[in-house]
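Visitor: I'd like to know where the words people use for a model like this come from. Can we go through a few?

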Amino acid sequence: MVGAAGFAATPSLEMGRKHWAFLPLRAAQLPAVKDAAWARNDVDRFILAALEAKGLRPSPEADRRTLIRRVTVDLIGLPPSPEEVETFVKDTSPQAWERVVDRLLASPHYGERWGRHWLDLARYADSSGFHNDLDRPHAWRYRDYVIRSFNEDKPYARFIAEQLAGDEVPGADEDTMVATGFCRNGPSNDDNMGNNKEQYRLDELDDVISTTSMVFLGLTVGCARCHDHKYDPVTSADYYSLLAVFNGTVKRGVPKESDEKDKAKELVRLQALIETKAKAPPTYLLRRGSLQNKGPEVPPAAPLVLVSNPLRFPEPEPDAKSSGRRRTLAEWIAAPENPLTWRVLANRIWQHHFGRGLVATPSNFGFNGARATHPELLDFLAARLIADGGRWKALHKLLVMSATYRQGSSVAADVRRLHLPETPDPRPLTQSSQSLLTSAATLDADNTLLWRGNHQRLSAESLRDSILAVSGKLNPQLGGPGIKPRIRADLLTASQRNKWPALTTEGAAQWRRSVYIYVKRQLLMPMLELFDAPTTTDSCAERMQSVVPTQALVLMNDEFVEDHAGFLAQRAVTEAGGELSKAIERMHLLSLARVPTAERLKQATVFVTARESAYEKEAGAKETPRQRALTDLAHVLFNSSEFITIE
Amino acid sequence: MLTRRRMLQLSGGGFGALALNSLLHADGALAAPALTNPLAAHPPHFAPRAKSVIFLFMYGGPSHVDLFDPKPELEKWHGKAIPVWKPEDAFMGRKTQNVAMKSYYQFAKHGRAGIDIAETYPLLARHADDLCVIRSMHTESNNHGPALFQMNSGFTLPGRPSMGSWVTYGLGSESENLPAYVVLLDHQGAPVNGALNWSNGFMPASFQGVPFRSSGDPIAYLTPPKGVSSSQQRARLDLLRHWNEEYAAANPAESSLAARIASYELAFRMQMSAAECVDVAREPESIRKLYGLDRPATQHFGRNCLLARRLVERGVRFVQLYSGGNEGPKAWDAHDDLKKNHDLHCAETDQPIAALLHDLKTTGLLDTTLVVWGGEFGRSPVAENGKGRDHHPKGFSMWLAGGGIKGGMIHGATDEFGYNAVEKPVSVPDLHATILHQLGLNHEQLTFRNTGRDYRLTDVSGEVVRGLLV
């Protein structure tokens with residue numbers, strides 16, 4: 001088990017204030033490096049210095065096909081088209097890479113990819129989760145708001161303020177009200193509260209406090225609901241002071257069972273959390289979190305350990321429509337003087353580009369969280385974010401332009417480059433030098449120092465989206481109400497009161513990007529769920545990458561994969577002509593961004609020919625034997641490890 | 001304690017596959033491909049009494065005072081206010097008033113220990129000597145959703161792994177070709193909270209409960225789509241394996257690639273073994289009759305009980321069966337007419353449960369299988385709407401059998417009205433701790449780290465109820 005770091009007892013406030021993550025950002029000194037020529041930008045200096053200190057060298061740049069597939073999936077969640085691949089491969093100008101990066105960052109699909117990362121954190125769903133899992137017919141507006149905000153490169157401070165205090169920010173409008181959906185995305189018990197309404201209200205606000213503190217501050221304040229935090233200097237008083245910030249809020253647009261039955265009665269178009277009065281109700285500390293055990297009244301406040309002077313919440317004007325407390329909190333969270341917020345954000349962005357954060361616990365920067373592998377780099381990136389006005393795209397560009405990002409991921413090649421004292425020259429990889437692999441592993445076993453690129457599995461959404469893109473059937477339409485693709489009828493029966501249509505075929509309306517799939521908490525889209533899409537009940541900072549046989553089953557047997565394998569087979573013939581080798585080549589280009597090796601081409605040809613002759617003996621099939629055989633091949637490609645892996 | 005190697009296996013190659021390889025080297029355990037089944041069986045903390053659990057979940061809340069906890073006082077107080085009643089305990093608000101209601105059923109004492117069982121469970125009563133009835137259960141919520149979450153995961157809120165996930169995480173599976181944690185639903189649908197009841201929470205998806213359907217494919221996506229023959233599938237898989245092996249060989253540090261190859265082979269085998277497992281037609285007619293598969297009232301739950309035995313027999317670790325689906329009268333949620341509701345649900349479950357106990361005993365499986373019976377709470381001793389009973393969390397009954405539990409005993413007691421658990425109260429975490437204990441797991445040591453904190457099924461409480469153990 002992972003050893004618990006830190007303290008047997010909760011650290012004192014004084015000790016807490018010295019915790020690395022809470023200290024002001026340190027102005028980064030660019031470290032000295034030996035191989036300065038390798039560095040393409042400042043990011044590389046930090047990475048290289050740490051590698052050199054261990055006697056390691058970075059890996060050489062990955063080949064161009066690998067690179068464009070990597071960055072395209074990374075930035076927009078889709079594979080590059082064969083034309084995009086060929087353009088980049090042939091572009092010999094020094095700006096070739098930058099052109100690709102700029103094109104991708106300007107794509108509206110960028111927001112669909114990076115907005116999805118945010119939706120994980122925001123535990124986004126289109127239904128309530130508890131009991132009968134009521135529909136939230138307007139939740140999708142929050143999803144679209146997020147995607148739009150990413151595409152607009154909205155400054156992070158504004159993004160935070162809109163989500164926590166959309167009714168209180170300057171220029172409040174319907175869009176910023178929609179943004180407060182962040183506080184409304186958690187599961188709720190709207191349809192079956194019985195005698196327990198106050199308890200459920202507090203449970204929902206607990207979800208808001210836990211999510212807000214984890215997402216923006218990397219702090220697990222939710223742990224202090226019933227007692228002082230066990231590991232961090234966060235007290236129950238801190239928790240209830242945050243509750244005081246949100247305590248005056250009311251929910252707008254609560255679905256009722258009657259709405260479910262009466263579709264015409266669409267009175268509420270928003271799913272917002274707002275205040276209606278200037279005066280917030282008093283908030284009491286609840287001992288052991290129990291309503292029956294009221295303690296003293298507490299004022300609104302930021303967690304004491306994070307501020308040198310208590311955060312001041314100004315009294316609202318008597319005629320104000322809200323207490324203004326959430327806006328004050330949001331402004332404090334996003335202030336450039338709040339290092340935690342910016343460290344947490346820089347780490348999240350790094351995490352998605354490189355497969356793991358510089359801090360391995362992205363929503364816990366507290367005493368029990370991981371330490372940064374490159375603390376100076378983290379501070380450097382946080383400072384850059386602030387300097388860039390809290391805009392994400394500038395940091396994306398800095399990171400993906402780095403030599404660190406462009407490294408190859410192969411280990412076999414790394415062995416050759418391993419810098420060992422007794423072997424000053426790189427050695428050719430031979431059978432006997434296999435043992436060096438262990439040496440490389442002992443120096444930096446899990447590549448925390450980034451001496452190579454990390455393999456990443458396609459995310460659940462990117463897997464489905466890639467299949468659609470490669471088959472040529474992806475409908476790129478942006479935004480709008482959630483879609484409900486086909487789910488096998490036998491899966492529908494297991495769910496309670498589902499409103500999922502029993503489709504037998506799919507078309508363009510369903511062949512849209514997965515971020516638009518209706519997120520029904522009790523009936524998640526099976527393929528996405530199996531490939532580790534979040535359960536949505538809590539904020540998800542990092543997805544699992546499990547490998548289980550049910551994943552194989554869905555890729556082997558889902559009609560979706562079967563259909564699109566057929567479409568890919570047709571597309572390859574249409575685009576490449578009737579010659580078998582050309583069709584096989586085209587299928588590889590589309591799905592893997594590369595041409596098959598001679599050996600691979602031979603294997604594929606033998607396979608297709610054998611399948612074709614088997615089908616020639618059968619009668620009554622709609623498709624030609626060639627089409628059926630190519631469908632088999634396309635199906636193998638969609639199932640292949642190379643397809644699902646981003647090198 | 002789970003080893004580092006085990007932790008990495010669980011992560012399925014999610015972080016630093018190279019680290020895995022090197023750690024396996026360090027452990028002296030490397031035999032490439034090292035990573036096969038993430039659910040591979042591994043040893044418990046200490047010698048277990050049970051290997052599997054069958055949880056008979058009577059969803060909706062069966063009435064303890066009408067089934068296992070007779071209260072003669074209710075006869076005396078019938079129609080009158082009882083002193084222990086508190087308005088905030090009533091879920092239904094004004095519909096439930098403080099008016100005591102006596103049981104509709106006659107009780108008799110059964111077995112050597114004279115266990116009280118209502119007349120609605122005549123066949124189950126014959127197994128009284130195997131039952132350990134806990135009359136002092138209590139839980140936190142008087143609402144289905146939160147109470148289901150608590151009985152399943154220890155918490156009233158969603159987002160935590162369910163008990164089956166914890167057990168699977170702790171022990172893996174003894175079955176190569178079947179999921180480790182199977183859920184069998186009532187034919188009328190899932191309980192409220194749906195799939196969140198058997199959620200893996202913050203654990204990897206491999207620990208999620210897998211619902212087996214009662215008709216068609218038992219597991220989703222178990223058979224190829226129409227028009228794809230098995231020889232065609234095998235041809236695809238052969239080429240796939242070849243290419244995936246090449247790819248894994250070219251990327252030796254990525255152990256998840258080897259795991260992926262293994263997962264396809266396992267999936268292929270599952271297609272046959274899961275179909276074989278659910279094929280109850282392979283059972284002799286006498287067995288099918290024993291479970292009541294020949295009668296409309298018992299055929300659905302009977303089939304699930306028979307399936308539970310077949311699953312456990314094949315090494316499945318945790319099977320949860322729901323009696324009652326959807327809502328209201330389709331579940332044990334007897335708000336309106338208790339007698340009508342419980343007559344129906346007892347008739348549906350009596351013979352199948354008795355058959356299951358008999359069958360497990362005959363085959364010797366009862367020694368290593370812990371059977372748990374109960375709902376998310378009990379029902380109120382006071383009347384709702386004259387003939388029904390409201391939800392009641394403060395005192396209710398469950399029973400255990402097999403798996404190293406003492407048979408023929410009653411543990412704890414509610415007050416004279418069946419309202420509060422007053423003697424030897426057993427909380428949900430206590431029950432969970434006890435179940436884990438029988439499986440050889442220490443509930444305080446079975447932890448999973450999530451966002452920097454080690455979580456337990458029993459959180460900060462839970463004590464093994466030693467008095468129930470053989």
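Visitor: Among contacts in chain A between residues at least 6 apart in sequence, how many join residues at least 24 apart?

Guide: That share is 69% in chain A, where a contact means C-beta atoms, placed from the backbone, within 7 Å. Bear in mind that this is a predicted model, where local features need pLDDT of at least 70, side-chain atom pairs count only at pLDDT 80 or more, and totals for chains, interfaces and linings use all residues. Residues are numbered from 1 along each chain as its sequence is written, while chains are lettered from A and ligands numbered from 1 in the order in which they are written.

Visitor: Why is chain A called as compact as a globular protein of its length?

Guide: The globule rule (2.2 Å times the number of residues to the power 0.38) works with a radius of gyration over C-alpha atoms. For 647 residues the rule gives 26 Å and chain A has 27 Å, which is close, so the label fits.

Visitor: What makes a residue buried, and what percentage of chain A is buried?

Guide: Buried takes 20 or more other C-beta atoms within 10 Å of the residue's own, with C-beta atoms placed from the backbone; 12 or fewer is exposed, and in between is partly exposed. Buried residues make up 54% of chain A.

Visitor: How are H23(A) and H26(A) packed?

Guide: Their axes are about 115° from each other and 8 Å apart. Axes are lines fitted to C-alpha atoms over the stretch in contact, with angles from 0 to 180 degrees between N-to-C directions. Both helices are DSSP runs (H or I, at least four residues), numbered from the N terminus.

Note on methods
Helices (H or I, at least four residues) and strands (E, at least two) are DSSP runs, numbered from the N terminus. Two residues are in contact if their C-beta atoms, placed from the backbone, lie within 7 Å.
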